Amino acid sequence: MPDCPESLRKALKSPKCAGVSLTYHRHGGLSRRQVHHRYTGGMRQSDPFGTPGNQWGHGPEAHWRAGIDIGGTFTDILLLDERTGASWFGKTLTTPDDPARGVASAIAQVLQDATASTTDLHTVIHGTTLVTNALIERKGDRTALVTTRGFRDAVEIAREHRYDMYDLNLDLPRPLAPRHLRFEVDERIRADGSVHTPLDMGSIDVVASHLREAGFGGNSGAVAVCLLHGYANPDHERAVGDRLRTSLPGVRIALSHEVAGEIREYERTTTTLANVYVQRLMEGYLDRIRDALSASGSPARLLLMLSAGGTATVDTARRFPIRLVESGPAAGALAAAAHGRETGRTSLLSFDMGGTTAKACLISGGVPPVTTEFEVDRVYRFKAGSGLPVRVPSIDLIEIGAGGGSIARVDRFGLIKLGPESAGADPGPACYGRGGTHPTVTDADIILGYLDPAFFLGGTMHLDVQAAREAIRLHVAAPLGLTIEDAAWAVHSVVNEAMAAASRMHAVERGKDASAVPLFAFGGAGPVHAAGVARILGSREIVVPYGAGVGSTIGFLVAPVSFDFVRSYYTRLDTCDWHAVAGLLATMETEGRNLLTDAGVNLNDVTFAHRAELRLVGQAHQVTVDLPHEVLDALRPGHVDGFRARDGVQDAFDTTYRALYRRSAPPVAIEAINWRVVASGPVPVVALPTPVAPEPIGEPLQSGVIGAGEPTLLGGRTDQTVVRPVAWPDGSGSRARPGNQGRRGGWAWMDTPVVKRADLRTGVSAIAGPVIIEERESTTVVPPGWSVCLETSGALVITSGEATSPRNVTP
Amino acid sequence: MIDPLTLEVFWSRLIATVNEQATSLMRTAFSPTVAEAGDLSACVFDPRGYMIAQAVTGTPGHINSMARCIRHFLDACPPETLRPGDVLVTNDPWKTSGHFHDITVVTPIFRAPRSNSPLPLGEGHGVGDTLQSGETGWAKRSDYGAGEMVRGEVPDLVAFFGTICHVADIGGRPFSTDARELYEEGLFIPITHLFRAGVPNEELLRIVRANVREPDSVVGDLYAMATSNDVGGARLLEFLEEFELPSIIPLADEVIARSEQAMRDAILCVPDGTYRHSLTMDGYAEPGRPGEPDREVPITLACTITVTGDTLHVDFDGTSPVAPRGINVVMNYTEAYSTYGIKCALAPDVPNNEGSFRPVTITAPVGSILNCQPPAPVAGRHIVGQWLPAVVHGALAQAIPDQVIADGSSSLWITQFSGSDNRQGVGTGVDGVGGGRRFSMVFFNSGGMGARPTKDGLSSTAFPSGVRGVPAEIVEARAPLLIMERSLRTDSGGAGTHRGGLGHRLVIRADGTTGDLRFSPFFDRTRVAAPGRDGGHAGGLGDYFLREIVPSDPPLPPQRPHPKATTSVPQGMEIVMDLPGGGGIGDPRGRDPERIAADLRDGYITEPA
């Protein structure tokens, strides 16, 4: 059965069989090459872009796919050979002056490592922080707003709310269009889409002449058109857009019903403004990347990662750049979900901790959740409400200012607080020895023995322990009268608490229990802190994937081409015009079909998900409900059955409500706000990257019983075992109890073996903690009372309690 | 003494429990003011009734009132009489937050001596189950109020969780200041049980249902509040178990002591002395007889702040007596907004709890508008109560001018509409008598804040209230109204080195109703502008009038109905509200010329002052 390619292919596509492994290791009888040969055949068929050789003009030998993530400090790249599943990681410094150059050089570098040529590359999938950065640094186009008479200030009046109850000096986010660039036209549409005041074309011409005077035209300026109830009837917005395009050629114009066709004028306006504000910047950037790719001789097709976890063509990205706003973090969550699907963990808590922030995302059913509530350019970085709302579908994750570079300080109550200020890459944590003097999480981790100062980034960067100690002493230990080690322990614990609290809250808000699922840890600092966070959450299993340090790049390779559409139709279900709903859904499907086939997806491969945002009359928080098959059947154009549709939607709402709030919805009328369609191409079937090298060396790893300070048996290489003192919580095995050891805060030094991840072998008994496992991009921490084994997927699996056998994954 | 790390961990865990409690309520409550505007609060108290943490969301009128309400609950229901599964409720204005629309629900949380499993939130404990049958679902609530009960053993009372939320309706007159006596303002629920040992108090619920206009929404909110307290309670019990803490009292003592010390330290920085200030507000002007001008009854709010070492006392002697209509303030609410104003100025970063209240004492003469007695009407108490931060800031400005802001529009401009919705396909009203669906819509609007010592005031931003505005598109989808204008009022921010925030104009008309539109305004600052400080100019005065949509020939002059009385808006007329602006700080000639140029370019001002 496992050696049947057809069943394997099915299993890979079917979530029910997600426990089946992709990699050959688990199907004992097969050789690597055999499986990958067959497997590649399957992938070709399900490739969203058809057979590359036919459609994209490169030869049949093009079988490489690259994912590239440009972060603040590093540009991460993952190159995957689809024929063999072999993968190469690369990390280069980001080139902030021209990120496109960094992309090109990263590709060149990794292709060279893999001894592949640019012609072998058929697809490059890219995520970028360009949009976010442009909004934070306000580096976009000069942007104007055109709105309904009487409403040019709605975007400044906003929600009339202070996001901090006590701070009298707070600042509110500035609208992207200043008041002198906000104009009004004579027109008015009602909530039901009917026209109250017809559009006065003369008033548009007045606006156009003001814009010309202000220097809009030629190749400068951007205009957002957002008319009241434009989501319900887009005619006026279209007419305004057409007229402005004619009279102001070269100006970028965005219409609110296209960018975010949702009710609530403030949020729709800020989203439309943000989109058009970054549009020209994005166009230039995409052109340069495309140029760089073709200059390198690569025929590869460029796709962009969207915040919602799908990919889009360059053309779509140019029109809706705001949809890329969270593409990096989205890729991380996708990577976690993909890994989970393939190892039978369809529910997990994705935990991605980098230099500046930590991101948590609760995944269930193998798919990350998507939200449309998102904020950019927060005045206070992580304070909800202090930013500009952006209503675009994004993977629903929580991001907090707790990364390796987050700065620790003591507040006026004598409590240790972290971030949100980050030391960033420059000057970086004190231990980087580049002039940073503030103590960071990384500094604490060095002092506690979790990180090896001589093996940071595989030893390419040496860390200064003395500088770390001095920073902690000066800013934390001395003010609190603690020893440096106690202070470092406190910093380490506080950051773990903050991340656990945020993760728990994230789960609770979605009706889930964070402790019930494995913690999937990646990002440079994720595997260092995962065990601490897991202890607080009460998680029993931690998974650290192969390549955890650059883990999110995998997400780029497993994302389908897809796009989300939304229309508002605000109605009570009992008075709803179901023909109208059927019409909305059909229109969105048509748009989706066109967009995806234009992107090269076969018509037969386009699939749709239909959703409605519903709530009880009177409630403000809407619940997103998947419309079941019965409802869609009752909404077929020409065969609309309103009663069946209503009952079906009602039932679906009740089910979702109960799952979220653990109680039935009261018998109150239900109203619908938004209707959504997600059009997707097939999910690329890609093997998870596995280590390239590992031909088993010698005998399998002995069952390792590693007691404190005892020599260890790792692959029979006792001579190579390194031991160093590491700080661990007291009361090993149970949850942390910082209170029970008085001022010591409950920790103790313990001599702990340190091993290289590459030396670990799969398929052997687990190793009991404590142990530190090092690799180039990250370090995995396994405390006492936990044990670790290497799964065949290449992931480290850390479980609480006694050492157990490695996870048995059988088809 | 708990070590700093442990304290940080425990304290943040405590705050996480109340945030979860608030989130649960916000997502399941029905009242539109809770749902759209965030008009709710959530807190945890130790068994002695000391408030130890509040959710980050909410509004000061609730939070600080609730901190003081718990003692009334304990008086009415001493701890030894409480059992697991009990839930208490009241809307007594004098014991909680000042008017009937705010309902407070308090749940004692018990731990069974032998139970050591986290208490699950069970399936089927739903409002839906109970709205039809009181016997199902909720009868099991005691399971997670107390864990497994063992006969003869007394469970430990470990905490109280409390929430306040503004419900959609409470009977009586529609929400307005019109009443002359409390009895007109709706249903009075004295402190009583909402649940007894997990069983809902069906008699109370029947009385509530029979009295309010939107029974499903109100009863739904009562259950949502009880559930949210359970969410907080369950999380707290898990926390206590995880760290094997027998009680939260030592933690409460630590939290309170540190907060109290920080508050005392902040007061120490204020020079000792006595600081007096008084403000005059429109008050409730009595309409004059036809042909005669209104009989103006302005209200004086006077305060004397005495700072002695690390204590601060506020006395409101000299304040006007109670008003004849529903704008009177109970002492609890007076304390709530006074302490809020002081805390913002002195110690914004000190956590708000029992400890931060202790060094501050508040008194007001009995029978004054700030300490009214039953049966004074109180529905619109926020109009006066929300001025109190400005009053105390005025006094503190003499001592710590760099820490207080200038006066702004102060009270929310609440708008309450009702009538008949005749539209098809949109709207969410319920079936009413005589054709159209009855609708009721309330939303909040805010004028400008006063200038800050180093920054301009915020335009159209609620202060001191913590609520939000509602989008025009939501208003229009829900109710047969059209908002024709929502624009900043040029020149309404008081000039100064730092300019006051601008107010805005709101123009609203009926669209799709039959008959007149009923409109209850809650407006002040239409006669007395927000004063500037240190040479700064006053903010723009508020205004409210009705005007013809299509001027007749000759045009009719605008009508100016009473800004606090319910009025009928005739067909063909629209409502114009000009919200007041905030006062400036410092001589306008000292303003940065670049900022003046920017203000001119953006049309916030028309000419330099």
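In this predicted model, 72 residues of chain A are in contact with 79 residues of chain B. On the chain A side, four elements each put in at least two residues: α6 (154-157), α10 (265-277), α16 (484-509) and β24 (562-572). The top contributor here is α16(A), which gives nine residues to the side of chain A that touches chain B. Sorted by class, that side of chain A has 31 nonpolar residues, along with 24 charged and 17 polar ones.

Chain B also has an internal contact worth a look. The domain assignment splits chain B into domain 1 (4-247), domain 2 (260-402) and domain 3 (405-609). Where domains 1 and 2 of chain B meet, 31 residues come from domain 1 and 28 residues from domain 2. On the domain 1 side, β2 (51-54) and α3 (60-76) of chain B are the elements that give two or more residues, and α3(B) gives the most, with eight residues. The residues of domain 1 of chain B that face domain 2 break down into 14 nonpolar, ten polar and seven charged.

Back in chain A, there is an open sheet of four strands, running in the order β28-β29-β31-β32 with mixed pairing. Its edges are β28 (722-729) and β32 (779-782) of chain A, each of which pairs on one side only. From one strand to the next, the twist averages 30°. At the β32(A) edge, the partner is β31 (residues 771-774) of chain A, and these two strands pair in the antiparallel sense over four bridges. Within this pairing, A:Ile772 has A:Val781 of β32(A) as its bridge partner.

Technical notes:
Residues are numbered from 1 along each chain as its sequence is written. Chains are lettered from A and ligands numbered from 1 in the order in which they are written. This is a predicted model: local features need pLDDT of at least 70, side-chain atom pairs count only at pLDDT 80 or more; totals for chains, interfaces and linings use all residues. Two residues are in contact if their C-beta atoms, placed from the backbone, lie within 7 Å. Ala, Val, Leu, Ile, Met, Phe, Trp, Tyr, Cys and Pro count as nonpolar, Asp, Glu, Lys and Arg as charged, and the others, Gly among them, as polar. Two strands pair if DSSP finds at least two bridges between them. Axes are lines fitted to C-alpha atoms, for helices over the stretch in contact, and angles run from 0 to 180 degrees between N-to-C directions. Domain bounds come from an automatic or database domain assignment.
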